[in-house]
Every structure is written in C-alpha cells, then in structure tokens.
There are 4 protein chains.
Amino acid sequence: MKEKIQPRKQPSQTRSRERVEKIISATYALLQEQGLAAVTTVHIAKKAGVSVGSVYQYFPNKKAIFVSLYNEYLKDIRSILDDFDNEPYTSMGWEAFFVSLHSKLSEKENEQNILPELEQAFHLYPEMREVDIDHSNVISERIVNFLSRYDFPGSKEKLTRLSHFIYSINGGFWDFRSKISSKYHGEANGWELAAIMGVLTHYRNSLSNNA
Amino acid sequence: MKEKIQPRKQPSQTRSRERVEKIISATYALLQEQGLAAVTTVHIAKKAGVSVGSVYQYFPNKKAIFVSLYNEYLKDIRSILDDFDNEPYTSMGWEAFFVSLHSKLSEKENEQNILPELEQAFHLYPEMREVDIDHSNVISERIVNFLSRYDFPGSKEKLTRLSHFIYSINGGFWDFRSKISSKYHGEANGWELAAIMGVLTHYRNSLSNNA
Amino acid sequence: MKEKIQPRKQPSQTRSRERVEKIISATYALLQEQGLAAVTTVHIAKKAGVSVGSVYQYFPNKKAIFVSLYNEYLKDIRSILDDFDNEPYTSMGWEAFFVSLHSKLSEKENEQNILPELEQAFHLYPEMREVDIDHSNVISERIVNFLSRYDFPGSKEKLTRLSHFIYSINGGFWDFRSKISSKYHGEANGWELAAIMGVLTHYRNSLSNNA
Amino acid sequence: MKEKIQPRKQPSQTRSRERVEKIISATYALLQEQGLAAVTTVHIAKKAGVSVGSVYQYFPNKKAIFVSLYNEYLKDIRSILDDFDNEPYTSMGWEAFFVSLHSKLSEKENEQNILPELEQAFHLYPEMREVDIDHSNVISERIVNFLSRYDFPGSKEKLTRLSHFIYSINGGFWDFRSKISSKYHGEANGWELAAIMGVLTHYRNSLSNNA
DNA sequence: CATGAATGAGTTTTCATTCAT
DNA sequence: AATGAATGAAAACTCATTCAT
C-alpha cells in the first residue's frame, strides 16, 4: 500500500542508463532554472528529450526522481566520509582532522553544487522526509565516529545530536549560497569552517569544565 | 504582467483588519498542523471562518498570504533589532553584545516558533525568493550596523555577506529543530551561539592579521 | 483510507439538486449511447453542460456517480417491495401474489429502463461490487419475507439463495432486452414471469416431496 | 475506418498456433485471477511468456483477444448443440430432450467455467456487442431448430426471440454464480432448468390455447 | 519473426481564482 | 462587501500500440 520512492530498475550500462541520467539531469536543471514548482513530469520529459511514458518506465513516480537525484549526490559525500573512516588520520589532532575533512567535502560540494531546491522537495512531500532523515542519520553516525576517536565526551545520543547540528550548518550554508554570488562562496567556506570549529571547541570546553 | 504579492489593502482598525488577521493565523495554523500541501485557499477560508471570496478581497492571490505571514513574523524580529540599534549597548564588548542579541532573538523565536514550512513556501515560488532576499537584506543591514559599531574591519559589502552568513546559520538551525525532539532545542541553542561566535572571532582575527 | 463512493452532499431542492440530476442523467445517456468505455469524467461534464470541477463538487469520484445512478433506480424498486410488504396481500394465493408483484415491478422497469451497461460498471470496479451485493441482499431479503409468508419450506439461507436466483433472472432479462427490439419486451415479460413461476413451483414441489 | 476485431491469421499447427493459445489462456487466467481492470496487453504478454510485440503479431488489438477467447468457449457450446442436432433424439419427448440438453451444457459450463468478466469485456466496447449478438443468434438458431422439431408453434421470428430469452436466463445465472458460493451452484442448476422449463411450458400452453 | 523500450493521447483529479447572487 | 458554487487549466500517471534493433 505504501508508495514506493525507489527507482523501478537498476539499469546497467546500456541505453537505459543514459535515459535515467538524462531524466535526472533534466530534473536537476529544471529545479535550478525554474524552481521546484516548475518541475512537473511533463516538463522533465520535455527537457530530457524523452516521453512522459519513458519517465514512468524508470521511476514509479515523481518523488522517486528526486530521491535518485539526492542519492546521486550523497553517494559521493558518503564515500568521502568512508575514506576518512578507513584511513589512519588519527596522527593529526582533531582540529586538523576536521579542517581536512571539511576541505574535502567543500571541494566536492563546489563541483557538484547540489540544490537548496532539492532540499525543498524533501520538505514538500512528507514521505520524502524519511529519506532525508535516513541520510542525516548515516552522516551523523560517521561524524560521531570521528568525534569518538578524538575522545569527545558525552553520551552517544548527545554526540549524535551534536553531529546533526554540525550537518545542519551545512544546510544553512546552501541557502546562503543560493542568495550570494558564487564568487564569494570560497570566502564563506572559511566561515562555515569557523562556525563548525566554534561549535566543536565550545562543546569540548564546556564538557571538560563540567568534569 | 508581473503578479502582485503584496496585500490588497492596508486596512486600519475596522472589521477588515480582524479578517486579515484571521486569514493569516488560519494559514499559520494549517501550515503547522497539516503541512504546506494542505494549505489550499478553501482550507484557509474554512479555518478562518470566512468565505473564499473574502480571502480574495484582501489578498490578490495565495502567495500574498504567505508574504503577509512572513512579514508578521519578521516585524517582531526587526523590532528587536531596532531596540538594540537605538539603545546604547556599546558599553559592553562585542562578544557580550552578540550573546545578548542572540539570547533575545532566540527567546522570541521560541515563543513564536516560525515554521520551517513557511520557509518552504518561499522556495516553492521563485517570485517569493525576492521577498525572502529583501528580508535577509534588511536584517543583514542591521547586523552590519552592529559590526561597524565594534569596528569589525572590511568593506560594507563584505560585512553584508558576513551578516548574511550568520543569518543563514539560523536557517540551518530551523531544519535541525524539525528533525530533533524539541527538548534538545535549548542545548542546540547554545551550539548555535557558539557557531556564530566562532565565525565572528575567526573573522576578526583573520582580518586584523592581514593588516 | 478506503475510497468513498457515496455522493459528497445530499443537496435539497435548490439549483444544486438540478446539477446533480444533470450529471446523473448525462452519465446515463452516455452509458446508453456510447457504452461504458466512453464514460469519462470529461465527457460527463461536457454532456451535462457543466465543468469537470462541478462534477467533483458533488461526487468524490467517478464511481460515486455510478452508485448514485444505481441508487436512483433501486429506490423505486425498493419502495415497491416495501408496499407489498406492508399491505395485507395475504388474502390471495402465492401465485397471484407473485404475478401481481412481477407486474408492478415490470411496469416500473419499463418506464425507467435501467441499463445493462450500469451493471457492467459494477463489475468493472471491484469496490462497487459491494454496493451491488448489498442491494441484491436487500432485495432478496424482501423476497424471502414473501416466501415465508406463504410457507415456502427450507432454511432461511436456502430461501435467500433462491431469492437471489430469482432476482438474477431479471439480470439476464436486462441483457435480453438490450438485444431485442423494445416492441417485444412485453412478450418477453410474460416469459420472465413464467420462468420465475417455473422456479417457484419446482421449488415447492421438490421440497414437499422430500417431506 | 472500422476497427478489426478478428484475429490477424488463422495459423495452423505451427508454433504460431501454440503462441495464440498461450495468449488466449493467459488472458483468461488474468481475467479470472485479477479482474478485467488488470488485463493490460503488457500483463497478458508477461503471463503468456511472450513479448508485447508478439501479441500484436497475432491480434490486431486487444479487443480481438477477447473475441478469440469468447469464440474458443463458444466452439464447445456449439459443438454440443451440433451433436444434438445430428443425433436422432426425437424418440424422447420435448421435456426430456431439453432436460438432457441442459444437463450436457451445464456440464460443459462447469468444467469450462466461462467468466462473467468476459461478458463484461463485451459490454465495455460497443463494437464487441455485434460479436456477442452474432453468437446469440447462432445459438438461438439452433434452439429454434429443436423447438421446431417438437412442433412448438409460432413464427420463426417469435421462436427466435423465445430462444434468445432462454439463452439470456443463462446470462443471469452467471451473475448469480459470481455472488453465491460455488458449493450451491448445483442446487441453482436445478432452478435454472426449472426456469427454462417454466418458460417453455408456458409458451406451449398459451399458444395452443390461442389456437 | 521476436523483442520490449518508447511513445503520447487520454484519464482522473485538484485547486487557485472568478463572479453571479 | 460577502458568499461559495462554478470554472477549467494543469498535474500525475496509465496503457494500447508502434518500431528500431
């Protein structure tokens, strides 16, 4: 009974895969150029140079396209986090570690430039929130790992909340970027890092004081 | 050609004003209780206890209702900023000042609880982004004033961007709150402050080092 | 969650009632002239001289229109059965009674001419079968009453099945009528009665023989 | 202009014939298991283990599949009628004859269990009614033959109508069966016979009285 | 011949907006 | 001014049929 929001097929390398790509990137382009309200299945199909029927051949419904688009983006983010998870970065102090992590992630984000509009889509359809939350959780879990490695104090729950918070700073940043000319994104990147470090430092200090 | 999104009239004290209020708060309530998708003009009218026709008597279209609702919220925020603008808070250092400002604003936000859903509404229609940006600008301008008082270095443009960035942290925070149980909002409030202070400190230091 | 198939409102005598009538009779006409496949909401609206929106003002979905159409017809049938239920017809023998009942019902059917196509609609949508079955049940129950009055033997369940069977002869008759020129409907009416009497007589005899 | 609803070819013994069979029985199975609404060409093809393209190799359109399915069923019915036509059953009286005929046909129907759903398919598309009527005619013609053998009075036209009527009782019976548990079908079978005999007896008597 | 991805007209339904009363 | 029924454009989605491979 519950609506699916996963793509219909996992097409391999064939022409099918190309079509899926075309549909996803048409959605991306529309979202970027005309906003969420303009993303109708007919528009997507037209922009992708494909028939509406084809869209539904690969996706059970519109939401599934958004989910795919989001997953596409998150795959890369997760793989970066995985890299940091596996490599023995523990030789450096926590500050250096997070600086390095942030820089890697920003780099990716800059080249991929995922849309704030996509986040909107997630809020528009309640069913999609779950996907969003799942991803937040996965990412937070990773951050918790890093924090634990560096002996950040506090219960697992508290560290999870902290991680969520840090991740949410990034969300705000997306919104910022959509309002400010992209030539200042680099500048703001430094500020984002400062914000994150501000939170982490504050957290460390306040908890060790309590001890 | 361009669609109006300002309310039709600025009715003074009459019954009209009451109706406008009812419509706005019905919209707010719907947004809160049922989410953006449930906010149709018919629902608004029903909830407000007026007819659809009446809604269109006071608002040229649905967007205008969202704009009014947003303005309503921002009025309070602005008035707080105005207070800080007028009072001679310069006796304290900048850190204390921003702590105090943040605390006042958080207090207001907590009692008013503006909705993430409202933010979404703004992103749904591209035309409304302008309104959003206008507001960001007004608020940033105020923050720029404060920064100048305390001799934060940099061009007006740069300070404006910085202010925007600080304001955007708040946007991320909204998203955070929608995902995390409200009993931890207080905790996160402290983190938000830490993030802001992190940015400001970083900014101060980096620029004075450059000099 | 379950879909409604009852009309949205029970409009009184006003203009609304007229519209509902128009929609129902347009549906009826379409069904008759072009067959079930041609009955789309757009066609109904056009034929009724009304907008699609209006159709949905009064009916939650297409099925509900069919249900209303069917109810319209059955109301009269039921009221005839009620009449026979209340009046003291017991003075006559069972044969005379059923002849009289059949004649009253045929009269009504001839002037109302409900469509075999409508029955089809009921088979097309599984949800609507329930409505159909409910009606069959109501009608069979009435017939069971009559049979009991005249001491037809057998369990209530068996009498119910028998009543269903008798009612189903009428369904076959509808199909017959749709194939044969209406000037012979009267003739066939007599045959229908003969068929019914055949079944009833057979039933009586076979059971009393068993005893 | 008029759409074809006859199968594209009359393939003989080859693999082709097998495919046609598979398509027809897949349609039958779908109709039975999931109802008319689920019978899409894609489903049929999948169930038959062939491609959609293949379906269109053998049938010009979907309707033609239903027609073939119906023909398949009627072939058997017709062959039974043919048997009775050729054999010298005239030694028995008409009552015994029709009892015997009814029993043979019921037997076939029970093992073949043609679907009420198929009947619906016929009423869905007006073009298909013709096919339905053709079949009714063929069958009625046979029944007329039997009636003539036994000197049933009346014009050929009248006897044809009577035959149609008798055949239509069977249609009603289908509907009955779809509503009532199959363990009572035998019981109802007897009622069907009684109904038919009722009509025939009535017809004989009324006409001989007129003479 | 066989395949099944691609097509797009057609279907149901929603909802912002208008306008007769 | 107020009402709320009426409007109809537009949205998501389906499926019979075609056609390149």
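Here is a friendly talk about why certain labels apply in this structure.

Biologist: Before we start, what kind of model is this, and how do the names work?

Modeller: This is a predicted model, in which local features need pLDDT of at least 70, side-chain atom pairs count only at pLDDT 80 or more, and totals for chains, interfaces and linings use all residues. Residues are numbered from 1 along each chain as its sequence is written, chains are lettered from A and ligands numbered from 1 in the order in which they are written, and side-chain values use heavy atoms, with hydrogens and water left out.

Biologist: What makes a residue count as near DNA strand E, and how many residues surround that strand?

Modeller: A residue is near a strand if one of its heavy atoms lies within 4 Å of it. For DNA strand E, 32 residues surround the strand, and the closest are A:R19, A:Y58, B:T41, C:Y56 and C:K62.

Biologist: Why is the approach of C:K62 to a phosphate oxygen of DNA strand E called a polar contact?

Modeller: A polar contact is a pair of N or O atoms within 3.5 Å; within protein, one must be able to donate a hydrogen and the other to accept it, and residues adjacent in sequence count only if both atoms are side-chain atoms. A polar side-chain atom of C:K62 lies 2.5 Å from a phosphate oxygen of the strand, so the pair qualifies. An N or O atom in the side chain of A:R19 is 2.7 Å from a phosphate oxygen of DNA strand E, and for C:T41 a polar backbone atom is 2.9 Å from one.

Biologist: Why is the pair A:D85 and A:R142 called a salt bridge?

Modeller: The term asks for a side-chain nitrogen of Lys or Arg within 4 Å of a carboxyl oxygen of Asp or Glu. The closest N and O atoms of A:D85 and A:R142 are 3.7 Å apart, so the pair passes. By this rule the count comes to 45 salt bridges over all chains.

Biologist: How do you know whether A:R142 and A:D85 are buried or exposed?

Modeller: Buried means under 20% relative accessible area, exposed over 50%, and partly exposed in between (1.4 Å probe, protein chains only). A:R142 has 18%, so A:R142 is buried, whereas A:D85, at 25%, counts as partly exposed.

Biologist: And what joins C:D132 to D:K179?

Modeller: Their side chains meet in a salt bridge, at 3.5 Å from N to O. C:D132 lies in chain C and D:K179 in chain D, so the pair joins two chains. With a relative accessible area of 1%, C:D132 is buried.

Methods
Helix = DSSP H or I, 4+ residues; strand = E, 2+ residues; numbered from the N terminus.
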